[in-house]
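This report is meant for a reader who is meeting the structure for the first time. It takes up charged pairs, then a helix, then the nonpolar interior.

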Amino acid sequence: MRGWWREIAGLVLPVACGGCGRPRTELCPSCAAALTGAGEGPRRVRPSPEPAGLPVVHAVAPYSDAVRALLLAHKERGALALARPLGRALAVAVEAAAGGTEGPAAAPLLLVPVPSSRRSVRARGHDPTRRIALAAAARLRGAGRPARVVPVLRQRRYVADQAGLGARGRLANLSGALEVVPGGGRLLGPGTVVLVDDLMTTGASLAEAARALGAVHRPFIPGIPHGLPNRSAQHGFEQRQAAVIASSPASFEINRNSSGTWIVAGGER
């Protein structure tokens, strides 16, 4: 009911840009540009420290200023109309994570949202990550790429509020917290599985989601002779991709030089 009243209120109350507060527009051109990375396009991001099992993650924009305000407006203040532009941004990151193949012959994209707790969904009146994922899948299908949302993950135990927890605390809080719903494994193939979330900070949520998926779903790797063990059974995490709208600014300060060495904020690793 709460989400329904928010939809009605959005039709009758004055609107303002969720990023900067500019009146009479839900998203001004300046904030829309920030949401797409100001023209730089999606990039691979890595938190520091990087949690074990973190999939390859692509993001479109640093989590700061207008982008931070837009995500909070949608998630916490019920600015549901922002789901569409946020979904467009997530779709760009998904395409980068999946390799950008287009056309009906391409493997369908299976967008698996990182789940929110039931109490968070009740408190907010909606599931923000799932709403954005649905908008992203619609955007991808409109561009000719088969895509659907497969919400097969759920929390299997209590998880404390992540606010105020550091990287180590978040990892401990989420360790073993997620699982695939019964029968969910059958929904994960064939296709390219992409974990999706609105935001990555420490990477703990995505690492735990990848672990839970890896327990039931190992993608087939072409080129392995029949009867030999599938290498993904030993390296399940290496076959994962993830896409988020935003990540911490520091996670964007990562580039790879010609020798293949990762350079993080000025230092090699």
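## Charged pairs and buried cores

At 26% relative accessibility, E50 counts as partly exposed, because that value lies between the limits of 20% for buried and 50% for exposed. The model described here is a predicted one. E50 forms a salt bridge with R46, and the closest N and O atoms of this pair are 3.6 Å apart. Its partner R46, at 15% relative accessibility, counts as buried.

A second pair is made by R43 and E40, whose side chains meet in a salt bridge at 3.1 Å, N to O. R43 is partly exposed at 26% relative accessibility, whereas E40 is exposed, with a relative accessible area of 53%.

A further salt bridge is the one between K75 and D198, where the closest N and O atoms are 2.9 Å apart. This pair links distant parts of the chain, since K75 belongs to helix α3 and D198 to strand β7 (residues 192-200), and the two are 123 residues apart. K75 is buried at 17% relative accessibility, and D198 is likewise buried, with a relative accessible area of 4%. The count of salt bridges comes to five, and the table lists those described above, including their N to O distances.

| Salt bridge | Closest N to O distance |
|---|---|
| R43 and E40 | 3.1 Å |
| E50 and R46 | 3.6 Å |
| K75 and D198 | 2.9 Å |

How many of the 11 residues of helix α3 are buried? Helix α3, which spans residues 65-75, is mostly covered, with eight of its 11 residues buried. K75 is one of these buried residues, and A66, V67, A69, L70, L71, A73 and H74 are the others.

The nonpolar interior can be taken up next. Which residues touch the most other members of the largest nonpolar core? In this core of 37 residues, V94, L111 and I245 are the ones that do so. Helix α4 (residues 83-98) gives the largest share of the core, namely eight residues. When residues up to four places away in sequence are not counted, V94 touches L109, L111, L140, V194, V196 and A243. Apart from this core there is a second, separate one of 24 residues, and among its members are V114, A210, L213 and V244.

How values were computed
Residues numbered from 1 in each chain as written. Predicted model: local features only at pLDDT ≥ 70, side-chain atom pairs only at ≥ 80, totals over all residues. Heavy atoms only, no water. Buried < 20%, exposed > 50% of the residue type's maximum accessible area, 1.4 Å probe, protein only. Helix = DSSP H or I, 4+ residues; strand = E, 2+ residues; numbered from the N terminus. Salt bridge = Lys/Arg side-chain N within 4 Å of Asp/Glu carboxyl O. Core = buried A, V, L, I, M, F, W, Y, C linked by side-chain atoms within 4.5 Å. Contact = heavy atoms within 4.5 Å.
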